[in-house]
Amino acid sequence: MGGPPVVSRRAAAAAHLLVAVPALGGVLMELVIALVDGPGAAGSTAERLVRLFSYFTILSNLGIGVVSVLLALDPERDGPLLRVAHLDALLCIVVTGVVSNTVLAGTVTGLTQAGQLSNVLLHMASPLLAVVVWLLAGPRPRVDARTVGWSVVGPLAWIGYTFARGAVVGWYPYPFLDVGELGLARALVNAGLVAAMFLLLALAARWADRRLPAAPPVGR
């Protein structure tokens, strides 16, 4: 009678779906736009699709979208891999929201109405909802030192991939990583700043995970 409040399974599932819908919906919209518009500056449809899925925004929304669907299907789902995937996705989507609305604000112009909608879904709605739902529904506590360590592997791998592919094809997804425009030294410094942001956010997530109240248990 004096135990913690219990949230219904349906309510917990709905909360996670609130994150999945804009995240995956925005990615789907961008995929349709790419297929409908054709190769464009990429030169071929295949290259345009590779470029699309090289954007950190797309990958971070895919990550948080998939994890949120898994938690919607089973709000009590747990395991080391899911913990890492959830923290990694949460960190990535937060970085997406912060960078896109600060560093990259105003750099994207000429969007169609569909592009404007997907931009809002990917860069504003899903980052905000992901944080709010994590604060309210968790699942929490689930962040330990091992989870923090593994959660930064994905972002670091993306940075490595971006520079490696860019050196081969001469294309970089974001201007602050463009070696051709900035030079290697400046691009590496910018990448280092992004990596440092990830680490700080991961540590902040661990701190919050240990100090915030545990997410309410899920009922039947």
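In the predicted model, a network of salt bridges links E47, R51 and R165. Within this network, E47 pairs with R165, and their closest N and O atoms are 2.7 Å apart. The pair joins distant parts of the chain, since E47 belongs to helix α2 and R165 to helix α7, with the two positions 118 residues apart. Both partners are removed from the surface: E47 is buried, and R165 is buried as well. In total, 4 salt bridges are counted in the structure.

Further ion pairs centre on D78. This residue meets R83 in a salt bridge with an N to O distance of 2.8 Å, and it forms another with R142, where the closest N and O atoms are 3.6 Å apart. D78 is located in the loop between α3 and α4 and R142 in the loop between α5 and α6 (145–151), so their pairing ties together parts of the chain that are 64 residues apart in sequence. The three residues can be classified by accessibility. D78 counts as partly exposed because its relative accessibility is 40%. R83, with a relative accessible area of 25%, is also partly exposed. R142 is buried, because its relative accessible area of 15% falls under the 20% limit.

The acidic residue D178 presents another situation. It is placed in the loop between α7 (153–169) and α8 (179–182). D178 is buried yet takes part in no salt bridge; R51, the nearest side chain of opposite charge, is 10 Å away. When neighbours within four places in sequence are set aside, D178 is in contact with Y172 and G183.

The nonpolar interior was examined next. In soluble globular proteins, nonpolar side chains tend to be buried together. The largest nonpolar core of the model comprises 24 residues, and F56, F163, F176 and F198 have the most contacts inside it. Two or more residues of this core are given by each of α4 (80–100), α7 and α9 (184–211). The largest share, 6 residues, is that of α9. For F163, the contacts beyond four places in sequence are with Y172, L177, V179, A187, L188 and A191. Y172 is therefore a contact of F163 as well as of D178, under the 4.5 Å limit for heavy atoms. A second core, separate from the largest, contains 14 residues, among them V19, V67, W134 and A208.

Burial is also found for a polar residue of helix α3, N61. With a relative accessible area of 0%, N61 is buried. Its contacts, leaving aside neighbours within four places in sequence, are A23, L24, V27, I93, L121, L122 and S126.

Empty space in the model was then considered. Rolling a probe the size of a water molecule over the atoms shows where such space is left. The largest pocket has a volume of about 1,200 Å³. It is lined by 42 residues, of which E30, Y55, V108, L111 and H123 are the closest to its centre. At least two lining residues are supplied by each of α1 (9–37), α2 (45–52), α3 (56–73), α4, α5 (113–137) and α9. The largest share of this lining, 6 residues, comes from α5.

One of the residues closest to the centre of the pocket, V108, is placed in the loop between α4 and α5. V108 counts as exposed because its relative accessibility of 55% is over the 50% limit. The C-alpha atom of V108 is separated by 9.7 Å from that of N119, a residue 11 places away along the chain.

Enclosed space is present in addition to this pocket. The structure holds 2 cavities of 30 Å³ or more, and the largest cavity contains about 110 Å³ of space. Its lining consists of L82, R83, H86, L87, L90, W134, P139, R142, V143 and D209. The largest share of that lining, 5 residues, is provided by α4. R83 and R142 thus appear in the cavity lining, while R83 is a salt-bridge partner of D78 and R142 is likewise a partner of D78. W134, another residue of the lining, is included in the second nonpolar core.

Methods: Residues numbered from 1 in each chain as written. Predicted model: local features only at pLDDT ≥ 70, side-chain atom pairs only at ≥ 80, totals over all residues. Heavy atoms only, no water. Helix = DSSP H or I, 4+ residues; strand = E, 2+ residues; numbered from the N terminus. Buried < 20%, exposed > 50% of the residue type's maximum accessible area, 1.4 Å probe, protein only. Lys, Arg positive; Asp, Glu negative; His and termini not counted. Core = buried A, V, L, I, M, F, W, Y, C linked by side-chain atoms within 4.5 Å. 1 Å grid on protein atoms, 1.4 Å probe; cavity = no way out; pocket = protein on both sides within 12 Å on 5 of 7 lines; lining within 4 Å. Points joined across faces, edges and corners; volume = space filled by probe spheres on them.
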